[in-house]
Amino acid sequence: MRVRVEQTALPGIGVRHDLVTESGRRLGVVSHRNGRRDLVLYDPDDPDACQADIPLTDDEAEALADILGASLMLGQLSGLREQAAGLLTEQIAITAGSPYVNRKLGDTKARTRTSASIVAVLREGEVIVSPLPSFRFAAGDVVVVVGTRRGLDGVSAILADSDPDG
Amino acid sequence: MHDFTTLLIEVGALLLLLGLLSRLSRRFGLSPIPLYLLAGLAFGHGGLLPLDASEEFFAVGAEIGVILLLVMLGLEYSANELVGNLRSAAPAGLIDGVLNALPGAGFALLLGWDWVAALVLGGITWVSSSGVIAKVLADLGRLGNRETPVILSVLVIEDLAMALYLPLVTAVLAGTGLLGGGIALTVAVGTVLIVLVVAIRYGHLISSALSAKDPEALLLGVLGLTLLIAGLAASLQVSAAVGAFLVGIALSGPVAHHATELLSPLRDLFAAVFFVFFGLTTDPQDIPPVLLPALALAVVTMATKTLTGYLAARRVGIAEPGRWRAGLALVPRGEFSIVIAGLAVAAGSVEPRLAALAATYVLITVVTGPILARLPDFPWFKRWLRTRAAAQRREPTPVVDSLH
C-alpha cells in the first residue's frame with residue numbers, strides 16, 4: 001500500500017514532509033534550507049503540535065535512513081516470498097571439487113536449464129549483486145539462487161560435481 | 001584627529017556593550033532588540049551619557065542596517081514562494097492588515113494626531129517581527145507544527161505588503177501630497193511586479209552573473225548591488241529598503257544561500273547599530289508621557305494580533321490549541337515597526353511624540369511577545385482550553401461571540 005506523504009512549504013525556512021502511520025501517529029521531517037533537518041513527532045493529544053523535535057546531522061540522518069531502508073528491503077523480500085507461493089531462495093556453496101571453479105557463470109547455463117536465477121554471489125564477506133554471465137566463480141563462493149524447489153535442486157546439482165555437461 | 005580618536009572610543013565602547021547585552025539576552029532566551037533600543041536611549045540626546053562624536057557614524061550605519069535587514073529578508077524567500085503563497089494566504093493577510101493596522105491608525109487619530117501620523121502608526125502596529133518570531137518558533141521546537149506554515153504565510157504577506165507600504169509612506173512623508181503618493185504607489189506596485197516577474201523568469205541569470213564560488217567577490221558584488229539599487233530606489237522616492245528587499249528576492253539558488261551566510265554577520269552588526277541609532281535619536285524624557293498610551297496600544301494590538309493568528313489558523317482547520325499558538329506567536333513587533341518609525345523621524349514632518357511612542361510600543365511587544373508565545377505550552381493553559389471546550393460542548397454556542 002502507498003503511504004501518503006504530505007509536503008508543506010515553510011517560506012523562509014525550508015520544507016516539511018509528514019505522514020500518518022497506520023498506528024495513528026503523525027511524524028515528519030523538517031528540511032531546512034541550510035541543510036539541517038529535524039525529525040519531528042507529533043503529540044497524539046494535539047496532532048497540530050510537535051511533541052519532540054530532534055535535530056539530525058547529515059551522518060545521523062544517513063544512518064537512520066540506512067537502517068529504515070535496509071529493514072524495508074528485507075520486509076519486501078519476505079513479502080515477495082509469501083506472495084509468490086513456491087518461489088524459494090537458497091544459498092549454495094561452490095566447493096573446491098565443483099567443475100565451475102574458475103569458470104564463468106554463463107557456462108553453467110543455469111537459468112536456461114532450470115529456470116532458477118543466480119541473483120547474488122557472496123565472496124569473502126562481500127555481496128556481489130546480479131553477477132553478469134562473465135562473472136568467474138572461485139572455490140568458497142556462495143551463490144544465492146531464486147527459483148522453484150525443482151529449479152534450486154537443479155542448480156545445486158549443476159554446481160556440484162555431478163553436472164553431466166560440466 | 002582628536003575627533004577621530006573619540007569616535008573610535010565611543011563606537012568601540014558601545015559595540016562592546018552591545019555584545020555584552022546580546023549575550024545577556026541570549027541567556028534569558030529573549031531578543032536582543034529591546035536591549036539595543038535601551039542602550040540607544042541611554043546614550044542619546046537627553047540620555048545618561050550622550051555620545052556626540054559618533055552620531056554621524058551611527059546615522060550612516062543605521063541606513064546600511066535597514067538595507068541589510070531588508071535584503072536578508074528578501075534572500076529568505078524565493079519569488080516563487082512569495083507568489084505561490086499569495087493566493088492561499090491573501091485572506092489571512094487581509095484579516096491581519098484590517099485587524100492590526102486600523103487600531104494603530106485609529107489610536108493616532110484618537111490622540112489628536114494628523115492622518116500622516118495615523119498612516120505611520122498603522123504600519124507600526126501592523127507588522128510582526130519576522131526575525132523575532134522565526135527565532136521563537138525555532139527555540140520552542142515548533143517548526144514542524146502544523147500551524148507554523150500559517151504563521152509564516154502571514155509574515156510573508158506582511159513583508160510583501162511592506163514593499164508597497166514603505167514607498168507610499170516615503171512619498172507621503174516627503175510631503176508630495178495625495179497625487180504624489182498615488183504616483184509613488186503606482187511606481188512601487190509596477191516595480192515590485194516587474195521584479196517578481198523578472199525574478200521568476202530570469203532569476204537564475206541575475207544569480208549566475210554573481211559567482212557563488214568566490215566568497216570575497218560574492219560579498220562585494222551582492223553588497224554593492226544592494227546598496228546601488230537601494231540608492232537608485234531612494235532617488236526614485238520608492239524607499240531604499242524596498243529596493244534592497246527586491247534585490248534579495250531577485251537572487252536565488254546557491255548565490256542566495258551563500259550570500260545569506262556572508263551577509264549575516266554584517267546584518268547583525270549594522271542592524272544593532274540601527275536599533276541603537278533609533279534609541280539615540282529618541283529623547284528618553286519623551287517616554288514617560290507616552291508610556292500609558294503605548295501600553296494601551298500594545299494591549300489592544302496584541303489582542304488583535306492574537307485574534308489574527310487564531311482566525312488564520314482556524315481557516316485551515318487547525319485545532320483550538322494550535323490556533324492559540326499561532327495567535328500568540330505573532331505578537332512581537334520589531335525591526336519593521338522601527339524601520340517605519342525611523343522613516344517618519346528622518347522626515348521630521350510628523351508628530352514628535354511618535355518616535356517615543358513607537359520605541360516604547362516595540363519594547364513592550366518584543367519583550368512580552370516571546371513570553372506570551374510560551375503560554376500554550378503551560379499545563380494550566382491546556383487545562384483551561386479543555387474546560388473551555390467542555391463548557392462549549394455542554395452549552396449551545398452564543399450567537400454573538402467574537403471568536404466564533
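How many salt bridges are there between chain A and chain B? Two. Keep in mind that this is a predicted model. Let me start with that interface.

One salt bridge can be named. The side chain of B:Arg325 meets the side chain of A:Asp46. The gap is 2.9 Å, taken from N to O. Polar contacts come next. Eight residue pairs make them across the interface, with both residues at pLDDT 80 or more.

Where on chain A does this happen? Look at the strands. The elements giving two or more residues to the side that touches chain B are strand 1 (6-10), strand 2 (14-20), strand 3 (26-32), strand 4 (37-42) and strand 5 (50-56) of chain A. And the character of that side? Ten of its residues are nonpolar, four are polar and seven are charged.

Now the extent of the contact. Chain A brings 21 residues, and chain B brings 19 residues. Together the two chains bury about 1700 Å². Carbon and sulfur atoms account for 55% of that area.

Let's move along chain A. Here we find an open sheet of four strands. The order is 6-9-7-8, and the pairing is antiparallel. Which strands stand at the edges? Strand 6 (88-93) and strand 8 (126-129) of chain A do. Each has a single partner strand, so one side of each has no neighbour in the sheet. From one strand to the next, the twist averages 25°.

Take a look at edge strand 6 of chain A. Six bridges join strand 6 to strand 9 (residues 142-147) of chain A, and the two run antiparallel. For a landmark, find A:Gln91. Opposite A:Gln91, in strand 9 of chain A, stands A:Val144.

Something lies across this pair. Helix 3 (residues 149-159) of chain A lies across both strand 6 and strand 9 of chain A. The helix runs at about 10° to strand 6 of chain A.

Last stop, chain B. Find B:Ala42 in helix 2 (residues 33-43) of chain B. Setting aside neighbours within four places in sequence, B:Ala42 is in contact with B:Gly47, B:Leu48 and B:Leu49. Now compare B:Ala42 with B:Gly279. In sequence, they are 237 residues apart. In space, their C-alpha atoms are 7.8 Å apart.

To recap: two salt bridges between chain A and chain B, an open sheet of four strands in chain A, and helix 3 of chain A across strands 6 and 9.

Key:
Residues are numbered from 1 along each chain as its sequence is written. Chains are lettered from A and ligands numbered from 1 in the order in which they are written. This is a predicted model: local features need pLDDT of at least 70, side-chain atom pairs count only at pLDDT 80 or more; totals for chains, interfaces and linings use all residues. Side-chain values use heavy atoms; hydrogens and water are left out. Two strands pair if DSSP finds at least two bridges between them. Axes are lines fitted to C-alpha atoms, for helices over the stretch in contact, and angles run from 0 to 180 degrees between N-to-C directions. Contact means heavy atoms within 4.5 Å. Buried area is the accessible area (1.4 Å probe) that two parts lose on being put together, summed over both. A salt bridge is a side-chain nitrogen of Lys or Arg within 4 Å of a carboxyl oxygen of Asp or Glu. A polar contact is a pair of N or O atoms within 3.5 Å; within protein, one must be able to donate a hydrogen and the other to accept it, and residues adjacent in sequence count only if both atoms are side-chain atoms. Ala, Val, Leu, Ile, Met, Phe, Trp, Tyr, Cys and Pro count as nonpolar, Asp, Glu, Lys and Arg as charged, and the others, Gly among them, as polar.
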